[in-house]
Amino acid sequence: MDEKLCECGSGRSVENCCRSIISGKRQAESCLELMRSRYSAFVQLNVEYLIKSHHSSTRNIREYKSSKTWMQSVKWIGLTIIRTKDGEKNDETGYVEFRALYFEAGKMQQIHELSFFRRENGNWKYVSGEHFPN
């Protein structure tokens with residue numbers, strides 16, 4: 001039986017990748033894993049996980065709840081990781097630059113961002129992102 005691959009593009013099965021992080025069975029081991037799980041949460045419209053995985057110092061719950069309408073209007077195409085800096089087991093901070101493609105109103109769009117992550121209570125959390133012009 002073929003296992004379904006995770007929508008984050010890691011090449012791993014969905015069960016052994018983002019689903020186990022989103023469900024809380026395990027914590028992201030790196031900021032890259034957290035980035036991938038957040039992309040999957042966008043695909044799955046899982047606003048609760050997006051809020052939970054956001055660092056408390058920059059978390060805006062109202063912003064996420066209002067963005068669910070937008071999330072429902074797009075079809076995600078894929079995630080490309082461009083580069084990472086730090087964000088591993090022994091680090092406290094890290095960066096992931098990525099490009100996420102999606103269709104909105106029949107037009108291909110992209111988010112190109114350099115995301116900043118920091119540990120909070122020992123777990124990786126998304127802090128903020130710098131967007132690049134399209």
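Which residue in β3 is the bridge partner of Y95? In this predicted model, the partner is F116. That pair is a handy way into the sheet, since β2 and β3 are antiparallel neighbours joined over 12 bridges. Just 2 residues sit between these strands in their hairpin, and one residue of the turn, A105, takes a positive phi of about 55°.

Stepping back, the sheet is an open one with 4 strands, ordered β1-β2-β3-β4 and paired in the antiparallel sense. β1 and β4 are its edge strands, each pairing on one side only. From one strand to the next, the twist averages 30°.

On the β1 side, residues 74-86 make up the strand, and 11 bridges link β1 to β2 in an antiparallel arrangement. R83 has E97 of β2 as its bridge partner. β1 and β2 also form a hairpin, this one with 6 residues between the strands; G87, in the turn, has a positive phi of about 80°. Over on the other side, β3 and β4 run antiparallel and are joined by 8 bridges. Here E113 is matched with H131 of β4 as its bridge partner.

Now for the helix α2. It counts 14 residues and spans 20 Å from first C-alpha to last, close to the 20 Å expected at 1.5 Å a residue. With 11 of those 14 residues buried, α2 is largely enclosed by the rest of the structure. Among the buried ones are C31, the run from E33 to F42 included, with charged names such as E33, R36 and R38 on the list. Right after the helix comes L45, with a positive phi near 60°.

Helix and sheet come together around the largest pocket, which has a volume of about 460 Å³. Its lining holds 21 residues, and R38, F42, Y64, E113 and Y126 are the closest to the pocket centre. Two of these names have already come up in α2, where R38 and F42 are buried, while E113 is the residue bridged to H131 in β4. At least two lining residues come from each of α2 (31-44), α4 (61-73), β2 (93-104), β3 (107-120) and β4 (123-131). Sorted by class, the lining has 11 nonpolar, 7 polar and 3 charged residues.

Technical notes: Residues are numbered from 1 along each chain as its sequence is written. This is a predicted model: local features need pLDDT of at least 70, side-chain atom pairs count only at pLDDT 80 or more; totals for chains, interfaces and linings use all residues. Side-chain values use heavy atoms; hydrogens and water are left out. On a 1 Å grid over the protein atoms alone, a cavity is a set of points where a 1.4 Å probe fits but cannot get out, and a pocket is an open set with protein on both sides within 12 Å along at least five of seven lines; lining residues have an atom within 4 Å of a point. Grid points are joined across faces, edges and corners, and a volume is the space filled by probe spheres set on the points. Two strands pair if DSSP finds at least two bridges between them. The expected span of a helix is 1.5 Å times one less than its number of residues. Buried means under 20% relative accessible area, exposed over 50%, partly exposed in between (1.4 Å probe, protein chains only). Axes are lines fitted to C-alpha atoms, for helices over the stretch in contact, and angles run from 0 to 180 degrees between N-to-C directions.
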